[in-house]
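User: I would like to go through this protein and ask what stands behind each term. Please give the cut-offs as we go.

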Amino acid sequence: MSHSFVSSIVWQRLDASGHDYAALEHSAHGPRLSGCAVFVEDGLNCLLRYQVDCAPDWSTRRVEVNGYRGGDAVDLLLEADAEGRWRLNGAEQPQVRGCVDIDLAFTPATNLLPIRRGRPDIGAALELSAAWLQFPALTLAPLPQRYTRLSEFGYRYESRQGAFQAELSVSPDGLPRDYQGLWREAR
């Protein structure tokens with residue numbers, strides 16, 4: 001399967017030591033978001049490679065996460081079907097049934113998915129519940145989210161009923177450039 005490269009970015013983590021590289025590609029089957037996050041979490045060195053394959057409408061279909069959390073190997077396969085049924089390493093995950101997007105807790109990359117899929121007008125909001133891969137637990141939970149488009153490339157992101165809020169600025173492709181207080185594009 002051939003992929004066409006669209007764009008890439010490197011982020012610097014602001015709240016802890018770390019960086020993340022992400023690339024966005026397109027194929028006949030849909031968009032692919034892939035990357036590698038290297039960071040320190042709770043005193044443990046972490047390296048996580050991720051690949052998110054989407055349907056043409058930007059809905060998540062397959063996610064691979066592998067690497068290391070300290071000395072422990074991480075090897076996860078998440079799959080979602082068109083009916084919103086999710087599996088994690090083959091085990092059904094009924095708690096996230098109906099979720100369309102994956103949210104990988106260790107990277108800002110997956111904020112791209114609902115932004116590209118929803119593309120709300122300026123002043124409008126997109127509300128959804130994402131399948132949140134929590135870190136360091138590596139378990140799935142539903143995460144209600146709201147993206148309010150503030151400008152051509154600006155969004156306010158809210159989760160946990162507004163308990164968490166951050167401003168995002170994104171590239172024309174939708175990749176976050178600045179994620180208030182957590183990540184910024186490395187220059």
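Analyst: Start with burial: a residue is buried at under 20% relative accessible area, exposed at over 50%, and partly exposed in between, using a 1.4 Å probe and protein chains only. By that rule Tyr-157 and Tyr-179 are both buried. The model is predicted, so local features need pLDDT of at least 70 and side-chain atom pairs count only at pLDDT 80 or more, while totals for chains, interfaces and linings use all residues. Residues are numbered from 1 along each chain as its sequence is written, and side-chain values use heavy atoms, with hydrogens and water left out.

User: Why is Asn-111 called buried or exposed?

Analyst: Asn-111 has 4% relative accessibility, so it counts as buried. Asn-111 sits in the loop between β9 and α1 (112-118). Contact means heavy atoms within 4.5 Å. Leaving out residues up to four places away in sequence, Asn-111 touches Tyr-147, Tyr-157, Leu-168, Pro-176 and Tyr-179.

User: What makes Glu-92 buried or exposed?

Analyst: The value for Glu-92 is 57% relative accessibility, and therefore Glu-92 counts as exposed. Its place is strand β8 (residues 91-92). Apart from neighbours within four places in sequence, Glu-92 is in contact with Trp-86 and Arg-87.

User: How do you know what counts as a strand or a helix?

Analyst: Both are DSSP runs numbered from the N terminus: helices are H or I with at least four residues, strands are E with at least two. The protein has one helix and 15 strands.

User: What makes the protein as compact as a globular protein of its length?

Analyst: The radius of gyration is taken over C-alpha atoms, and the globule rule is 2.2 Å times the number of residues to the power 0.38. For 187 residues the rule gives 16 Å, and the radius of gyration of the protein is 15 Å, which is close, so the protein is as compact as a globular protein of that length. Of the 187 residues, 48% are buried.

User: Why is the pair of Phe-39 and Phe-135 called stacked, tilted or edge-to-face?

Analyst: Rings of Phe, Tyr and Trp (its six-membered ring) pair if their centres lie within 6.5 Å; planes under 30 degrees apart are stacked, over 60 edge-to-face, and the rest tilted. The search of the whole structure finds eight aromatic pairs. For Phe-39 and Phe-135 the centres are 5.4 Å apart and the planes are at 70°, so this pair is edge-to-face. Phe-39 is in strand β3 and Phe-135 in the loop between β10 (125-133) and β11 (140-149), so the pair ties together parts 96 residues apart in sequence. Both Phe-39 and Phe-135 are buried.

User: And why is the pair of Tyr-157 and Tyr-179 stacked, tilted or edge-to-face?

Analyst: Their ring centres are 6.3 Å apart and their planes are at 55°, so the pair is tilted. Tyr-157 lies in strand β12 and Tyr-179 in strand β14 (residues 176-179), 22 residues apart.

User: What makes a residue count as nonpolar, charged or polar in the lining of the largest pocket?

Analyst: Ala, Val, Leu, Ile, Met, Phe, Trp, Tyr, Cys and Pro count as nonpolar, Asp, Glu, Lys and Arg as charged, and the others, Gly among them, as polar. On a 1 Å grid over the protein atoms alone, with a 1.4 Å probe, a pocket is an open set of points with protein on both sides within 12 Å along at least five of seven lines, and lining residues have an atom within 4 Å of a point. The lining of the largest pocket divides into 13 nonpolar, four polar and five charged residues.
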